[in-house]
Amino acid sequence: MAGEAEMAENEIRNQIRRLRFERGEMTQQELADKVKATRQTINAIEAGKYSPSLTLAFRIAKALGVRIEDVFQFESENI
Amino acid sequence: MNRLQKIAWFNLIAIITGFALIVLCAVCEVPKNIMTIVLTLEAAALIAGPPIFFRKKPGQVAFDERDAMIREKSLIVGFGGAYGFLGALYVAKLFEVGFNGSVPMLTVFLAYIMSLVCFVWVKSFIVLSMYGWRGRDGGE
């Protein structure tokens, strides 16, 4: 389970920080409140330390007003 | 630092303080009834402390999927640690008294209590390892 998390951590890139600032410098707390998560979780996702569930990923994309692939990118050389 | 981290720190400190007091009582040859009171206070602090000192704030999202994942992993590792600890303790006792020996029921009870303390300690350790040991952002 830890191995999977580590793998996901390294392969998934995200644009949350950039998108937040493009939307009127939205704070992590504001985004967290919109997607019903904690600020710590948003911080961990931004830092690439945690890969969110599909549900949370869709919520984040919706809250930022973009498609999910504009927020998260899967980068792997193995596939 | 979030609520789970604060509870984990509280548990670690309560357990370490409890052990230090027990060692102190043993060194100073404190009467057994006072030691029992210390142990009871320790158990009461571990059980009743977190809900009293770390109440949930209304209206704020304080627990999400990442917290659930960390709690689940810490529970699994905690149970594993406690199970291993209890097993090791009984095997050590088996070597001490032999297959035909006997142990007082108090020993069995204390081994169970110690494994519970081990569970809380390992669980708290894992929680803090996964979040990070300090910081307002849960280690980030």
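Here are some worked exercises on a predicted model with chains A and B.

**Exercise 1. Getting a feel for chain B**

Task: Work out how many helices and strands chain B has, and in which order its elements run.

Solution:
- Start with the tally: chain B has four helices and zero strands.
- Walk along from the N terminus and you read α-α-α-α.
- Next, put a box around the C-alpha atoms along the principal axes, and you get roughly 55 × 30 × 20 Å.
- Of the 140 residues in this chain, 18% count as buried.
- Finally, take the contacts in chain B between residues at least 6 apart in sequence: 80% of them join residues at least 24 apart.

**Exercise 2. H1 against H4 in chain B**

Task: Find the angle at which H1(B) and H4(B) pack, and decide what to call that arrangement.

Solution:
- Pick out the two helices: H1 covers residues 3-27 of chain B and H4 covers residues 105-131 of chain B.
- Their axes lie 9 Å apart, and the packing angle is about 135°.
- That angle makes H1(B) oblique to H4(B), because angles over 145 degrees are what count as roughly antiparallel and 65 to 115 as roughly perpendicular.
- For handedness, H1(B) passes H4(B) in a left-handed crossing.
- Now the residues: on the H1(B) side you'll find B:Leu4, B:Gln5, B:Ala8, B:Asn11, B:Leu12 and B:Ile15.
- They meet a set in H4(B) that includes B:Val117, B:Trp121, B:Phe125, B:Leu128 and B:Tyr131.
- Sort this contact by class and you get 11 nonpolar, three polar and no charged residues.

**Exercise 3. H3 against H4 in chain B**

Task: Do the same for H3(B) and H4(B): how do their axes cross, and with which hand?

Solution:
- H3 of chain B spans residues 65-97, and its axis comes within 7 Å of the axis of H4(B).
- The two cross at roughly 145°.
- This crossing is right-handed, while the one between H1(B) and H4(B) is left-handed.
- By class, the H3(B)–H4(B) contact has 18 nonpolar, four polar and two charged residues.

**Exercise 4. A helix pair in chain A**

Task: Say how H3(A) and H4(A) are arranged, and which residues make the contact.

Solution:
- The axes of H3(A) and H4(A) come within 8 Å and cross at roughly 110°.
- So H3(A) is roughly perpendicular to H4(A).
- H3(A) brings A:Gln28, A:Gln29, A:Leu31 and A:Ala32, and H4(A) brings A:Arg39, A:Thr41, A:Ile42 and A:Asn43.
- By class, that's three nonpolar, four polar and one charged.

**Exercise 5. Two residues with positive phi**

Task: Locate A:Lys36 and B:Glu29, and decide for each whether it is buried, partly exposed or exposed.

Solution:
- A:Lys36 has phi near 55°, a positive value in a residue other than glycine.
- Look for A:Lys36 in the loop between H3 (28-35) and H4 (39-46) of chain A.
- With 13 other C-beta atoms within 10 Å, A:Lys36 is partly exposed, since the exposed class stops at 12.
- B:Glu29 also has a positive phi, near 55°.
- Its loop is the one between H1 and H2 (32-53) of chain B.
- B:Glu29 has 6 other C-beta atoms within 10 Å and is therefore exposed.

**Exercise 6. The cores**

Task: Find which residues touch the most other members of the largest nonpolar core, and which elements supply it.

Solution:
- This core has 15 residues, and A:Val35 and A:Ile60 touch the most other members.
- H3, H4 and H5 (54-64) of chain A each supply at least two residues.
- H5(A) gives the most, with four.
- Zoom in on A:Ile60: leaving out residues up to four places away in sequence, A:Ile60 touches A:Ile16, A:Val35, A:Pro52 and A:Val71.
- There's also a second, separate core of 12 residues, including B:Ile70, B:Val122, B:Leu128 and B:Met130.
- As background, nonpolar side chains in soluble globular proteins tend to be buried together.

**Exercise 7. Where the chains meet**

Task: Count what each chain brings to the contact, then describe the chain A side.

Solution:
- Chain A brings 14 residues and chain B brings 10.
- On the chain A side, the elements giving two or more residues are H3 and H4.
- H4(A) gives the most, with four residues.
- By class, the chain A side has six nonpolar, five polar and three charged residues.

Note on methods. Residues numbered from 1 in each chain as written. Chains lettered and ligands numbered in written order. Predicted model: local features only at pLDDT ≥ 70, side-chain atom pairs only at ≥ 80, totals over all residues. Axes fitted to C-alpha atoms, helices over the stretch in contact; angles between N-to-C directions. Parallel < 35°, antiparallel > 145°, perpendicular 65-115°, else oblique. Left-handed = near helix turned anticlockwise from the far one by under 90°. Contact = placed C-beta atoms within 7 Å. Nonpolar A, V, L, I, M, F, W, Y, C, P; charged D, E, K, R; others polar. Buried ≥ 20, exposed ≤ 12 C-beta atoms within 10 Å, placed from the backbone. Core = buried A, V, L, I, M, F, W, Y, C linked by C-beta atoms within 7 Å.
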